[in-house]
Amino acid sequence: MFIETYYDERYLIPAGLREPVIPYPELAGEELRLWQTYLPVATELGEMPSWFSDTTPQPVIEQLQKAQRQRLYDRIEIWSRVGDPMAVGVIDGEQIRYFSIARWGDAELTLEQLKRRLRLEDCLLTLIPVTMILLFLVLTLTLI
């Protein structure tokens, strides 16, 4: 299983004028758009349920507990698709800000690999209906 945690004191991005600095990288621009597209299901974590603790790797649990203790975010969301979740800290405000906390699961993906995978999925989603229509037309013409 792939596990990646993003805690890094070099980031230290201030969340606001009177708020603490945040030692996690901010997701913005194309990177944010790609992750939101690839991981379409967002679930607010709230208090960590026991089933989540039982199924999530310990390094990820530790990062989430650290982020919750420091009260860095308004909420923590788990963005996911089957077998590939990511924990994201969210700060609400005029402009919502997102921060990578940890990612784990089946796939270790770079942004370039993620772009290729999303392009392939888009092609397949377009190709399948077109193929079905063509198949239907061929079958219909064969029966006539």
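This report covers the nonpolar core, helix α4 and residue E77 of a predicted model.

Local features need pLDDT of at least 70 and side-chain atom pairs pLDDT 80 or more, while totals for chains, interfaces and linings use all residues. Numbering starts from 1 along each chain as its sequence is written, and side-chain values use heavy atoms, without hydrogens and water.

**Core.** A nonpolar core is a set of buried Ala, Val, Leu, Ile, Met, Phe, Trp, Tyr and Cys residues joined through side-chain atoms within 4.5 Å. Buried means under 20% relative accessible area (1.4 Å probe, protein chains only). The largest such core has 34 residues. Y24, L64, Y73 and I101 touch the most other members. The table lists elements that give two or more residues to this core. Helices (H or I, at least four residues) and strands (E, at least two) are DSSP runs, numbered from the N terminus.

| Element | Residues |
|---|---|
| α1 | 29–38 |
| α3 | 58–70 |
| β6 | 75–80 |
| β7 | 86–91 |
| β8 | 97–105 |
| α4 | 111–143 |

Contact means heavy atoms within 4.5 Å. Beyond four places in sequence, Y73 contacts I22, Y24, A67, G89, V90, I91, F99 and I101.

**Helix α4.** The expected span is 1.5 Å times one less than the number of residues. For the 33 residues of α4 that gives 48 Å, and the end C-alpha atoms are 48 Å apart, in agreement. Its buried residues are L114, K115 and L118. Their cover includes α1.

**E77.** This residue lies in strand β6. E77 is buried, at 11% relative accessible area. Its side chain makes a polar contact (N or O atoms within 3.5 Å, one able to donate a hydrogen and the other to accept it) with the side chain of W79, at 2.8 Å.

Technical notes
Buried < 20%, exposed > 50% of the residue type's maximum accessible area, 1.4 Å probe, protein only.
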